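Please open the model in your viewer and keep the sequence panel visible. The tour below proceeds by selections, each followed by a description of what is found there.

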Amino acid sequence: MPSSVTNIEYNAFRNCENLSSIYISRSVVSIGEKVFENCSSLSSIIVDRDNKKYDSRENCNAIIDTQKNELVAGCKSTIIPPSVTIIGGWAFAGSGITTITIPNTVKSIGKEAFVDCQSLKTITIPNSIDKIEDHTFAYCQQLYSLVIPNSVQSLGVGFIYSCDNLNIQSYMINPPAFNPGGGIKKKKVFVPYGTKNRYESTPGWNLLKIIEAIEDNGICYSLTGENTAAVCGEIIPQNETDIPETMTIDGKNLAVASIAEEGFKGNTDLTLICIPASIEQIGENAFAGCSSLKAIYCYNENPIVLGSDKAMVRTRADGDDKLASTVFAQVNKETCILYVPKNSGNKYRSADGWSEFQNIVEMESAIPGDANNDGKVSNEDINA
(Lines give C-alpha, C1' and ligand atoms only; values in the text may rest on other atoms or scores of the structure.)
Protein backbone atom coordinates (compact mmCIF):
# COMPACT_ATOMS: atom_id res chain seq x y z
CA MET A 1 0.00 0.00 0.00
CA PRO A 2 1.62 3.26 -1.04
CA SER A 3 2.44 5.99 1.48
CA SER A 4 -0.07 8.30 -0.21
CA VAL A 5 -2.95 6.27 1.28
CA THR A 6 -4.37 7.69 4.50
CA ASN A 7 -7.86 6.14 4.61
CA ILE A 8 -9.17 2.65 3.91
CA GLU A 9 -12.91 2.94 3.50
CA TYR A 10 -15.82 0.72 4.46
CA ASN A 11 -15.92 -2.58 2.48
CA ALA A 12 -12.69 -1.66 0.64
CA PHE A 13 -11.54 -5.25 0.02
CA ARG A 14 -14.85 -7.04 0.55
CA ASN A 15 -15.14 -10.39 -1.28
CA CYS A 16 -11.49 -10.40 -2.40
CA GLU A 17 -11.41 -14.15 -1.91
CA ASN A 18 -7.89 -14.62 -3.34
CA LEU A 19 -6.26 -11.88 -1.29
CA SER A 20 -3.66 -13.63 0.89
CA SER A 21 -1.57 -10.83 2.41
CA ILE A 22 -1.62 -7.09 2.97
CA TYR A 23 0.88 -4.53 4.26
CA ILE A 24 -0.63 -1.41 5.84
CA SER A 25 1.62 1.63 5.31
CA ARG A 26 2.57 4.06 8.06
CA SER A 27 0.43 6.81 6.51
CA VAL A 28 -2.93 5.08 7.19
CA VAL A 29 -4.88 6.86 9.92
CA SER A 30 -8.42 5.59 9.32
CA ILE A 31 -9.81 2.09 8.63
CA GLY A 32 -13.53 1.55 8.04
CA GLU A 33 -15.68 -1.41 9.04
CA LYS A 34 -15.83 -4.67 7.06
CA VAL A 35 -12.64 -3.87 5.12
CA PHE A 36 -11.74 -7.57 4.76
CA GLU A 37 -15.21 -9.12 4.87
CA ASN A 38 -15.26 -12.49 3.08
CA CYS A 39 -11.51 -12.41 2.42
CA SER A 40 -11.31 -16.09 3.36
CA SER A 41 -7.76 -16.60 2.02
CA LEU A 42 -6.23 -13.70 3.92
CA SER A 43 -3.53 -15.06 6.25
CA SER A 44 -0.98 -12.24 6.63
CA ILE A 45 -1.67 -8.74 7.92
CA ILE A 46 1.30 -6.48 8.72
CA VAL A 47 1.15 -2.88 9.84
CA ASP A 48 4.20 -0.71 9.27
CA ARG A 49 6.09 -0.23 12.55
CA ASP A 50 6.09 3.54 12.09
CA ASN A 51 2.29 3.77 11.89
CA LYS A 52 1.12 5.95 14.80
CA LYS A 53 -2.55 4.89 14.70
CA TYR A 54 -2.48 1.12 14.18
CA ASP A 55 -0.16 -1.83 14.84
CA SER A 56 0.14 -5.59 14.37
CA ARG A 57 1.92 -6.26 17.65
CA GLU A 58 3.51 -9.62 18.43
CA ASN A 59 3.17 -10.71 14.79
CA CYS A 60 -0.53 -11.24 15.46
CA ASN A 61 -1.66 -10.95 11.81
CA ALA A 62 -4.31 -8.39 12.71
CA ILE A 63 -4.86 -4.64 12.75
CA ILE A 64 -5.08 -3.17 16.24
CA ASP A 65 -6.02 0.37 17.18
CA THR A 66 -2.97 1.20 19.26
CA GLN A 67 -4.59 3.62 21.68
CA LYS A 68 -7.84 1.69 22.22
CA ASN A 69 -6.25 -1.80 22.17
CA GLU A 70 -9.10 -2.74 19.84
CA LEU A 71 -8.67 -5.44 17.21
CA VAL A 72 -10.37 -3.89 14.21
CA ALA A 73 -9.56 -6.51 11.54
CA GLY A 74 -8.29 -10.08 11.64
CA CYS A 75 -7.75 -13.05 9.37
CA LYS A 76 -7.50 -16.84 9.49
CA SER A 77 -4.00 -16.75 11.03
CA THR A 78 -4.73 -14.17 13.72
CA ILE A 79 -3.50 -14.80 17.25
CA ILE A 80 -5.13 -12.33 19.60
CA PRO A 81 -2.49 -10.74 21.88
CA PRO A 82 -3.30 -10.56 25.62
CA SER A 83 -3.06 -6.76 25.45
CA VAL A 84 -6.23 -6.58 23.33
CA THR A 85 -9.34 -5.53 25.28
CA ILE A 86 -11.88 -5.12 22.46
CA ILE A 87 -12.73 -7.19 19.39
CA GLY A 88 -14.43 -4.76 17.06
CA GLY A 89 -17.59 -5.28 15.06
CA TRP A 90 -17.13 -7.35 11.89
CA ALA A 91 -13.45 -7.91 12.85
CA PHE A 92 -13.44 -11.48 11.52
CA ALA A 93 -16.51 -11.34 9.25
CA GLY A 94 -16.21 -13.97 6.54
CA SER A 95 -12.60 -14.82 7.44
CA GLY A 96 -11.12 -18.30 7.04
CA ILE A 97 -10.46 -18.97 10.74
CA THR A 98 -11.19 -22.49 12.03
CA THR A 99 -10.67 -21.85 15.74
CA ILE A 100 -9.41 -18.96 17.84
CA THR A 101 -8.50 -18.35 21.47
CA ILE A 102 -9.94 -15.21 23.00
CA PRO A 103 -7.83 -14.12 25.99
CA ASN A 104 -9.40 -13.14 29.30
CA THR A 105 -8.24 -9.57 28.75
CA VAL A 106 -10.98 -9.06 26.13
CA LYS A 107 -13.89 -7.17 27.71
CA SER A 108 -16.22 -6.87 24.71
CA ILE A 109 -16.88 -8.43 21.31
CA GLY A 110 -18.55 -6.23 18.73
CA LYS A 111 -21.62 -6.79 16.61
CA GLU A 112 -21.27 -9.51 13.93
CA ALA A 113 -17.61 -9.94 14.89
CA PHE A 114 -17.55 -13.53 13.58
CA VAL A 115 -20.49 -13.43 11.18
CA ASP A 116 -20.30 -15.75 8.17
CA CYS A 117 -17.04 -17.45 9.22
CA GLN A 118 -17.67 -20.59 7.18
CA SER A 119 -14.62 -22.48 8.48
CA LEU A 120 -14.98 -21.64 12.18
CA LYS A 121 -15.58 -24.82 14.20
CA THR A 122 -14.96 -24.07 17.86
CA ILE A 123 -14.90 -20.98 20.05
CA THR A 124 -14.86 -20.35 23.79
CA ILE A 125 -16.10 -17.08 25.25
CA PRO A 126 -13.85 -16.01 28.16
CA ASN A 127 -15.38 -15.17 31.54
CA SER A 128 -14.36 -11.53 31.07
CA ILE A 129 -17.31 -11.08 28.66
CA ASP A 130 -20.74 -10.10 29.98
CA LYS A 131 -22.54 -9.48 26.67
CA ILE A 132 -22.72 -11.21 23.29
CA GLU A 133 -23.85 -8.76 20.63
CA ASP A 134 -26.34 -9.14 17.75
CA HIS A 135 -25.49 -11.77 15.13
CA THR A 136 -22.02 -12.36 16.59
CA PHE A 137 -21.83 -15.91 15.17
CA ALA A 138 -24.65 -15.81 12.61
CA TYR A 139 -24.22 -17.91 9.48
CA CYS A 140 -21.21 -19.81 10.88
CA GLN A 141 -22.53 -22.99 9.30
CA GLN A 142 -19.62 -25.20 10.39
CA LEU A 143 -19.56 -23.94 13.98
CA TYR A 144 -19.76 -27.09 16.07
CA SER A 145 -18.88 -25.89 19.56
CA LEU A 146 -19.63 -22.70 21.50
CA VAL A 147 -18.79 -22.36 25.20
CA ILE A 148 -20.63 -19.60 27.10
CA PRO A 149 -19.40 -18.70 30.62
CA ASN A 150 -21.56 -17.74 33.59
CA SER A 151 -20.33 -14.15 33.28
CA VAL A 152 -22.58 -13.50 30.25
CA GLN A 153 -25.62 -11.46 31.25
CA SER A 154 -27.00 -10.40 27.86
CA LEU A 155 -27.43 -12.09 24.47
CA GLY A 156 -27.98 -10.24 21.20
CA VAL A 157 -30.56 -10.87 18.51
CA GLY A 158 -29.75 -13.90 16.35
CA PHE A 159 -26.33 -14.43 17.91
CA ILE A 160 -26.40 -18.09 16.75
CA TYR A 161 -28.71 -17.64 13.75
CA SER A 162 -28.19 -20.26 11.02
CA CYS A 163 -25.54 -22.19 12.99
CA ASP A 164 -27.15 -25.49 12.10
CA ASN A 165 -24.48 -27.89 13.44
CA LEU A 166 -23.91 -26.13 16.75
CA ASN A 167 -23.56 -27.69 20.20
CA ILE A 168 -23.57 -25.21 23.09
CA GLN A 169 -21.96 -25.70 26.48
CA SER A 170 -23.53 -23.09 28.72
CA TYR A 171 -22.31 -22.43 32.25
CA MET A 172 -24.91 -19.71 32.84
CA ILE A 173 -26.90 -20.37 36.01
CA ASN A 174 -29.57 -17.79 35.17
CA PRO A 175 -29.75 -17.72 31.36
CA PRO A 176 -30.84 -14.39 29.84
CA ALA A 177 -33.61 -14.44 27.26
CA PHE A 178 -32.72 -13.84 23.63
CA ASN A 179 -34.42 -13.27 20.30
CA PRO A 180 -33.35 -16.01 17.87
CA GLY A 181 -33.93 -13.64 14.97
CA GLY A 182 -35.93 -16.15 12.96
CA GLY A 183 -36.41 -19.89 12.64
CA ILE A 184 -34.03 -21.92 14.77
CA LYS A 185 -33.18 -25.60 14.65
CA LYS A 186 -33.27 -27.77 17.76
CA LYS A 187 -29.63 -27.36 18.74
CA LYS A 188 -28.27 -29.20 21.77
CA VAL A 189 -27.46 -27.09 24.81
CA PHE A 190 -25.57 -28.70 27.70
CA VAL A 191 -26.41 -26.89 30.95
CA PRO A 192 -25.46 -27.24 34.65
CA TYR A 193 -27.43 -29.72 36.75
CA GLY A 194 -30.48 -28.14 38.36
CA THR A 195 -30.96 -25.46 35.69
CA LYS A 196 -32.89 -27.31 32.99
CA ASN A 197 -36.28 -25.89 34.05
CA ARG A 198 -34.89 -22.36 33.95
CA TYR A 199 -33.63 -22.78 30.39
CA GLU A 200 -36.83 -24.44 29.19
CA SER A 201 -38.90 -21.57 30.56
CA THR A 202 -36.68 -18.79 29.16
CA PRO A 203 -37.51 -17.28 25.72
CA GLY A 204 -35.02 -18.34 23.08
CA TRP A 205 -33.64 -21.24 25.07
CA ASN A 206 -37.08 -22.85 25.16
CA LEU A 207 -36.72 -23.49 21.42
CA LEU A 208 -33.59 -25.60 21.90
CA LYS A 209 -32.89 -29.09 23.22
CA ILE A 210 -31.77 -28.63 26.83
CA ILE A 211 -29.64 -31.39 28.39
CA GLU A 212 -28.31 -31.35 31.93
CA ALA A 213 -24.76 -32.60 31.61
CA ILE A 214 -21.23 -32.51 32.92
CA GLU A 215 -18.26 -32.06 30.58
CA ASP A 216 -15.02 -33.98 30.91
CA ASN A 217 -12.22 -33.83 28.31
CA GLY A 218 -14.62 -32.45 25.73
CA ILE A 219 -17.25 -35.19 26.18
CA CYS A 220 -20.59 -34.43 27.88
CA TYR A 221 -22.35 -36.95 30.12
CA SER A 222 -25.84 -37.10 31.57
CA LEU A 223 -27.29 -39.26 34.34
CA THR A 224 -29.45 -42.16 33.14
CA GLY A 225 -29.80 -44.08 36.40
CA GLU A 226 -28.53 -44.29 39.93
CA ASN A 227 -25.26 -45.85 38.81
CA THR A 228 -25.15 -45.17 35.06
CA ALA A 229 -24.40 -42.30 32.72
CA ALA A 230 -24.71 -41.70 29.00
CA VAL A 231 -22.47 -39.95 26.52
CA CYS A 232 -24.90 -37.25 25.42
CA GLY A 233 -22.55 -35.30 23.13
CA GLU A 234 -19.25 -33.54 22.82
CA ILE A 235 -18.38 -29.90 23.06
CA ILE A 236 -14.91 -30.20 21.53
CA PRO A 237 -14.85 -32.03 18.17
CA GLN A 238 -11.96 -34.48 18.18
CA ASN A 239 -10.22 -36.60 15.58
CA GLU A 240 -9.92 -39.59 17.89
CA THR A 241 -12.20 -40.26 20.84
CA ASP A 242 -11.76 -42.94 23.50
CA ILE A 243 -14.97 -43.25 25.51
CA PRO A 244 -14.19 -44.32 29.11
CA GLU A 245 -15.96 -47.19 30.85
CA THR A 246 -16.63 -45.05 33.93
CA MET A 247 -16.86 -41.37 34.82
CA THR A 248 -17.53 -39.34 37.96
CA ILE A 249 -20.38 -36.98 38.79
CA ASP A 250 -20.43 -35.34 42.23
CA GLY A 251 -17.77 -37.75 43.48
CA LYS A 252 -19.73 -40.85 42.45
CA ASN A 253 -18.32 -43.33 39.92
CA LEU A 254 -20.82 -44.20 37.21
CA ALA A 255 -20.72 -46.80 34.45
CA VAL A 256 -20.90 -45.25 30.98
CA ALA A 257 -23.65 -47.49 29.64
CA SER A 258 -24.98 -45.77 26.52
CA ILE A 259 -24.42 -43.21 23.78
CA ALA A 260 -27.42 -40.92 23.44
CA GLU A 261 -29.14 -40.11 20.17
CA GLU A 262 -27.19 -37.62 18.03
CA GLY A 263 -24.28 -37.87 20.49
CA PHE A 264 -21.53 -37.34 17.89
CA LYS A 265 -23.75 -36.26 15.03
CA GLY A 266 -22.09 -34.02 12.46
CA ASN A 267 -18.51 -34.36 13.72
CA THR A 268 -16.77 -34.46 10.35
CA ASP A 269 -13.37 -34.39 12.11
CA LEU A 270 -13.88 -37.76 13.81
CA THR A 271 -11.70 -40.48 12.27
CA LEU A 272 -11.53 -43.05 15.09
CA ILE A 273 -13.80 -43.97 18.00
CA CYS A 274 -13.21 -46.49 20.80
CA ILE A 275 -16.43 -47.85 22.33
CA PRO A 276 -15.89 -49.66 25.66
CA ALA A 277 -17.48 -52.92 26.75
CA SER A 278 -19.68 -51.00 29.21
CA ILE A 279 -21.77 -49.52 26.38
CA GLU A 280 -25.01 -51.44 25.96
CA GLN A 281 -27.00 -49.16 23.67
CA ILE A 282 -26.38 -46.50 21.01
CA GLY A 283 -29.15 -44.06 20.11
CA GLU A 284 -30.46 -42.97 16.71
CA ASN A 285 -28.16 -40.77 14.61
CA ALA A 286 -25.39 -41.06 17.21
CA PHE A 287 -22.71 -40.99 14.52
CA ALA A 288 -24.76 -39.64 11.63
CA GLY A 289 -22.73 -37.36 9.40
CA CYS A 290 -19.36 -38.58 10.74
CA SER A 291 -18.19 -38.93 7.16
CA SER A 292 -14.46 -39.06 8.02
CA LEU A 293 -14.80 -42.05 10.34
CA LYS A 294 -12.20 -44.66 9.36
CA ALA A 295 -12.12 -47.04 12.33
CA ILE A 296 -14.47 -48.13 15.11
CA TYR A 297 -13.04 -50.17 17.99
CA CYS A 298 -15.93 -51.88 19.75
CA TYR A 299 -14.99 -53.86 22.89
CA ASN A 300 -18.37 -55.40 23.73
CA GLU A 301 -18.35 -59.10 22.84
CA ASN A 302 -22.06 -58.98 22.08
CA PRO A 303 -23.30 -56.54 19.42
CA ILE A 304 -24.46 -53.33 21.04
CA VAL A 305 -28.13 -52.53 20.54
CA LEU A 306 -28.46 -49.75 17.96
CA GLY A 307 -31.27 -47.23 17.70
CA SER A 308 -34.30 -48.78 16.07
CA ASP A 309 -34.92 -46.03 13.54
CA LYS A 310 -34.18 -46.78 9.91
CA ALA A 311 -34.35 -44.43 7.00
CA MET A 312 -33.32 -44.03 3.41
CA VAL A 313 -29.76 -42.94 4.11
CA ARG A 314 -26.54 -42.79 2.13
CA THR A 315 -24.07 -45.32 3.46
CA ARG A 316 -21.32 -44.34 1.00
CA ALA A 317 -20.21 -40.93 -0.14
CA ASP A 318 -20.81 -41.89 -3.78
CA GLY A 319 -23.54 -44.46 -3.22
CA ASP A 320 -27.30 -44.58 -3.56
CA ASP A 321 -29.74 -44.02 -0.74
CA LYS A 322 -31.04 -47.23 0.83
CA LEU A 323 -32.83 -48.40 3.95
CA ALA A 324 -30.27 -48.57 6.76
CA SER A 325 -29.75 -47.80 10.42
CA THR A 326 -29.58 -44.08 11.12
CA VAL A 327 -26.92 -44.59 13.84
CA PHE A 328 -24.06 -44.56 11.32
CA ALA A 329 -25.76 -42.63 8.50
CA GLN A 330 -23.22 -41.09 6.07
CA VAL A 331 -20.43 -43.29 7.46
CA ASN A 332 -18.78 -45.16 4.58
CA LYS A 333 -19.44 -48.81 5.48
CA GLU A 334 -17.04 -50.03 2.77
CA THR A 335 -13.94 -48.22 3.97
CA CYS A 336 -14.58 -47.79 7.71
CA ILE A 337 -13.14 -50.79 9.56
CA LEU A 338 -15.12 -52.19 12.48
CA TYR A 339 -12.83 -53.87 15.02
CA VAL A 340 -14.56 -56.29 17.40
CA PRO A 341 -13.37 -58.73 20.11
CA LYS A 342 -11.96 -62.13 19.13
CA ASN A 343 -14.65 -64.68 18.23
CA SER A 344 -17.29 -61.94 17.94
CA GLY A 345 -17.01 -61.26 14.22
CA ASN A 346 -19.89 -63.45 13.10
CA LYS A 347 -22.17 -61.98 15.78
CA TYR A 348 -21.60 -58.49 14.44
CA ARG A 349 -21.88 -59.61 10.82
CA SER A 350 -25.41 -60.84 11.49
CA ALA A 351 -26.53 -58.08 13.88
CA ASP A 352 -28.99 -55.44 12.83
CA GLY A 353 -27.15 -52.27 11.79
CA TRP A 354 -23.66 -53.66 12.37
CA SER A 355 -24.06 -56.02 9.41
CA GLU A 356 -23.91 -52.99 7.09
CA PHE A 357 -20.15 -52.76 7.70
CA GLN A 358 -18.27 -54.68 5.04
CA ASN A 359 -14.91 -54.70 6.84
CA ILE A 360 -15.31 -56.36 10.26
CA VAL A 361 -12.02 -57.44 11.84
CA GLU A 362 -11.55 -59.45 15.04
CA MET A 363 -9.03 -58.01 17.50
CA GLU A 364 -6.49 -60.43 18.94
CA SER A 365 -5.71 -58.13 21.86
CA ALA A 366 -8.12 -56.55 24.32
CA ILE A 367 -5.82 -53.56 24.79
CA PRO A 368 -6.78 -50.51 22.69
CA GLY A 369 -3.91 -49.65 20.36
CA ASP A 370 -2.14 -53.01 20.64
CA ALA A 371 -2.06 -53.57 16.90
CA ASN A 372 0.66 -56.24 16.92
CA ASN A 373 -0.92 -58.18 19.82
CA ASP A 374 2.16 -58.23 22.04
CA GLY A 375 0.21 -57.20 25.12
CA LYS A 376 1.45 -53.62 25.23
CA VAL A 377 1.11 -50.37 23.33
CA SER A 378 4.38 -49.06 21.89
CA ASN A 379 5.91 -47.52 18.77
CA GLU A 380 5.91 -51.00 17.25
CA ASP A 381 2.13 -50.79 16.95
CA ILE A 382 2.42 -47.86 14.53
CA ASN A 383 3.98 -50.06 11.84
CA ALA A 384 1.61 -52.89 12.59
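Begin with N343, which is exposed because its relative accessible area is 61% (buried means under 20% relative accessible area, exposed over 50%, and partly exposed in between, with a 1.4 Å probe and protein chains only). N343 sits in the loop between β30 and α2 (345-349); helices (H or I, at least four residues) and strands (E, at least two) are DSSP runs, numbered from the N terminus. The phi angle of N343 is near 70°, a positive value in a residue other than glycine.

Two notes on the model are needed before going on. The model is predicted, so that local features need pLDDT of at least 70 and side-chain atom pairs count only at pLDDT 80 or more, while totals for chains, interfaces and linings use all residues. Residues are numbered from 1 along each chain as its sequence is written, and side-chain values use heavy atoms, with hydrogens and water left out.

**The whole chain**

Now select the entire protein chain. Its C-alpha atoms fill a box of roughly 75 × 50 × 40 Å, taken along the principal axes. The secondary structure comes to three helices and 31 strands. Of the 384 residues, 50% count as buried. Among the contacts with a separation of 6 or more, 36% are between residues 24 or more positions apart; a contact means heavy atoms within 4.5 Å.

**The open sheet**

Next, select β30 (residues 337-341), the strand that precedes the loop of N343. Strand β30 runs parallel to β31, and four bridges join them; two strands pair if DSSP finds at least two bridges between them. Within this pairing, P341 stands opposite M363 in β31.

Extend the selection to the open sheet of five strands, whose order is β21-β24-β26-β30-β31, with parallel pairing. At its edges are β21 (240-242) and β31 (360-363), each of which pairs on one side only. From one strand to the next, the twist averages 15° (axes are lines fitted to C-alpha atoms, for helices over the stretch in contact, and angles run from 0 to 180 degrees between N-to-C directions).

**Around strand β23**

Which strands are joined to β23 (residues 252-259) by four bridges and run parallel to it? Select β20 (residues 228-234), which is joined to β23 in this way. The bridge partner of A230 in β23 is S258.

Then add β22 (residues 246-249), which pairs with β23 in the antiparallel sense over four bridges. Here I249 has K252 of β23 as its bridge partner. The two strands β22 and β23 form a hairpin with two residues between them, and D250 in the turn has a positive phi of about 55°.

Show the side chains of β22. In a regular strand the side chains alternate between the two faces of the sheet. The covered face of β22 holds M247 and I249, and the uncovered one T246 and T248.

Finally, add β25 (residues 281-282), which pairs with β23 in the parallel sense over two bridges. I259 stands opposite I282 in β25.

**A loop residue with positive phi**

Select Y139, in the loop between β12 (131-132) and β13 (145-148). Its phi is near 65°, a positive value in a residue other than glycine. Y139 counts as partly exposed because its relative accessibility is 38%.

**The cavity**

Move to E37, in the loop between β3 (30-31) and β4 (44-47). Is E37 buried or exposed? E37 counts as buried, because its relative accessibility is 10%. Not counting residues up to four places away in sequence, E37 touches N11, F13, R14, N15 and A93.

The structure holds one cavity of 30 Å³ or more. On a 1 Å grid over the protein atoms alone, a cavity is a set of points where a 1.4 Å probe fits but cannot get out, and lining residues have an atom within 4 Å of a point. About 50 Å³ of space lies in the largest cavity; grid points are joined across faces, edges and corners, and a volume is the space filled by probe spheres set on the points.

Select F36, E37, W90, A91 and A93, which lie nearest the centre of the largest cavity among its 13 lining residues. The lining divides into eight nonpolar, two polar and three charged residues (Ala, Val, Leu, Ile, Met, Phe, Trp, Tyr, Cys and Pro count as nonpolar, Asp, Glu, Lys and Arg as charged, and the others, Gly among them, as polar).

Note on methods. 1 Å grid on protein atoms, 1.4 Å probe; cavity = no way out; pocket = protein on both sides within 12 Å on 5 of 7 lines; lining within 4 Å.
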